Amino acid sequence: MKKKIIPVIAVLFLIFIILVGIIIGRKIKAFMPSSEQQDLETYFGITSQEEAAIELNRSLTEEKALLRDGGIYLDFNYVHDYLNDRFYWDANENILLYTTSSNVVKASADSKDYYIGRKKDSKPYKIVLVNVDKTYIALDYVAQYTNLTYEHVKDPDRVLLQTKWGTIQKAGIKRKTQVRVEDSVKSNILCELTKEDTVIKLDVMDDWTKVATEDGLIGYVQNKRLGAEKEETESHDFEEDTFLHQMRDYAINMGWHQVTVQEANNSIASVLQNSKGLNVISPTWFYLNDNDGNIANLASVDYVKYCHNQGVEVWGLVSNLENKDVSTTEVLTHTSKRENLENQIIAAAIQYGLDGINVDFEALESAVGESFIQFIRELSLKCDGNGIVLSVDNYVSSEYTKFYDREEQAVFADYLVVMGYDEHYAGSKESGSVASIGFVTKGADDIIAEGVPAEQVILGMPFFTRVWAEKLKDSDGDDAESASEDYVPYELSSEAVGMQSAQRLMEVNGAEKKWLEDMGQYYTEYVNGDTTYKIWFEDVKSIEEKLKVMNGHGFAGAAFWKLGLEDPAVWDTILKYIH
């Protein structure tokens, strides 16, 4: 019996030993580093022979470069968003534009030729490729105008782009080790390292450091494998473009003169006579008049001569609001039409001897923002070449107007006018001030925060106010509408009036005004029949509060909309702040 049991025990013991071995083996394997090599094409996300991965400042991006005819091409949107947003692509006419401080550089799709102004030049490669839904630019061409360096590494193909410079930390390797995809010994191996290698430290953790190798592999190395460290300073010798401006050596005191018919030019003598210290006048003479970029013209040579004789410069205003049948988007997004508009503006400025142009393009859609900026770039070069000052009117900053890109405007335009009014406007859902001091101050703060130099900013101020009328509705309050929480029991309307007209309305209706410190304005309200009227006054005192904001921010001056609506007494106050 014992002889039969012994073999069974032996077998069971053997099974036990095997099981223990398996368990121990698994435990050991769990702590043993993986020796599996990472497939680099998978790591870089490369799916075809025409693709190359892109690393930007040692960070792998999702975008891929196109390898074509021995050249490297980048998607236009990637170039614009990450490398150089001054490149402009006209998808309507298939033209790539880049604007320097002296020329507009043009390259057509699938061509090796490009034009610097009117001078033709060529590259040994096609500059722009158009593939169905994507536009690609040759990387060598991008680098010509951009502070970047790049390296093309093969097997697999990747492009190492760098646009940031400064101090980096490098580390040597103590002994042979690996760069792994993740911060774990079980992660796949990207490459092997030896004592001869160095890596760039990107992020140090408790046990691992994220590193970049010289050939663009980004992964993790155990801290205990890293050796001596040293700092290096990376730099790139690139000559940035220099932009100059036509700045006046005196504070700007500008008034807009609304001219809607040719005969209105005859009033210039009385307009100037009723002002004091005005050194720039901007008549509303030009506006976009058709979808080919042609302009309507109300200008007068005699008007300009008279102003010059009085020591007043004339900056003709160009608007896009008068002809409702015109599509500003259509004109600005077609290079040929946009250039026609620019040429007509410059031709008129030269013909009438204008000192400057004031661009007032409002109510644009965000989709046309890039084209508007390109318009300002191109127009600025034409103005500069003819000694014409370029100023651009702007809304106060908001989420809805970011596409106006005021910082880029300031690179090219000489002055930016911040229209510090229309806080509440004709279409507002509630009554309120046209330009409370808080609104004006925030507008001034914001444009500086956006990167516009204070010496290029002109603060726009209103000579008008709005008389708000809240007329009670004919309703007994029993219907569903009046039961709503959002129900407003009155119909709201407003009328823009001058300073003195608002004052007379208050006096005729026996009302009194009180100063609102937080608004920087006087306020009144009165009732006439079933209508309540409310006025936040613009007057000498409110304008002075805004002039203090102008001075406090070190702005270039002020502009006033519009001449003829002011109380004559306001000019003495303006002269205290603008000499």
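**Exercise 1. Pairing at one end of the sheet**

Task: State how β9 and strand β10 pair, and over how many bridges.

Solution. In this predicted model, β9 and β10 (residues 134-138) are antiparallel partners, joined over 4 bridges. Take one pair as an example: Leu-129 has Tyr-136 of β10 as its bridge partner.

**Exercise 2. The whole sheet**

Task: Give the strand order of the open sheet and find which strands stand at its edges.

Solution. Start with the order. The 7 strands run β9-β10-β3-β2-β1-β12-β11, and the pairing is mixed. Next, look at the ends. β9 (128-131) and β11 (149-153) each have a single partner strand, so one side of each lacks a neighbour in the sheet. Then check the twist. On average, neighbouring strands are turned by 30° against each other, direction ignored.

**Exercise 3. A helix on the sheet**

Task: Which strands does helix α3 lie across, and at what angle does α3 run to β3?

Solution. Helix α3 covers residues 76-83. It lies across β1 (51-56), β2 (60-68), β3 (71-75), β10 and β12 (158-162). Its angle to β3 is about 75°.

**Exercise 4. Two helices**

Task: Classify the packing of α11 (residues 437-449) against α14 (residues 540-552), then describe the contact.

Solution. First, the geometry. The angle is about 20°, and the axes are 10 Å apart. Angles under 35 degrees count as roughly parallel, so α11 is roughly parallel to α14. The crossing is right-handed. Now the residues. α11 contributes Ile-437, Val-440, Thr-441 and Ala-444, while α14 contributes Glu-545, Lys-546 and Val-549. Sorted by class, the contact has 4 nonpolar, 1 polar and 2 charged residues.

Technical notes
Residues are numbered from 1 along each chain as its sequence is written. This is a predicted model: local features need pLDDT of at least 70, side-chain atom pairs count only at pLDDT 80 or more; totals for chains, interfaces and linings use all residues. Side-chain values use heavy atoms; hydrogens and water are left out. Axes are lines fitted to C-alpha atoms, for helices over the stretch in contact, and angles run from 0 to 180 degrees between N-to-C directions. Angles under 35 degrees count as roughly parallel, over 145 as roughly antiparallel, 65 to 115 as roughly perpendicular and the rest as oblique. A crossing is left-handed if the near helix is turned anticlockwise from the far one by less than a right angle, and right-handed if clockwise. Contact means heavy atoms within 4.5 Å. Ala, Val, Leu, Ile, Met, Phe, Trp, Tyr, Cys and Pro count as nonpolar, Asp, Glu, Lys and Arg as charged, and the others, Gly among them, as polar. Two strands pair if DSSP finds at least two bridges between them.
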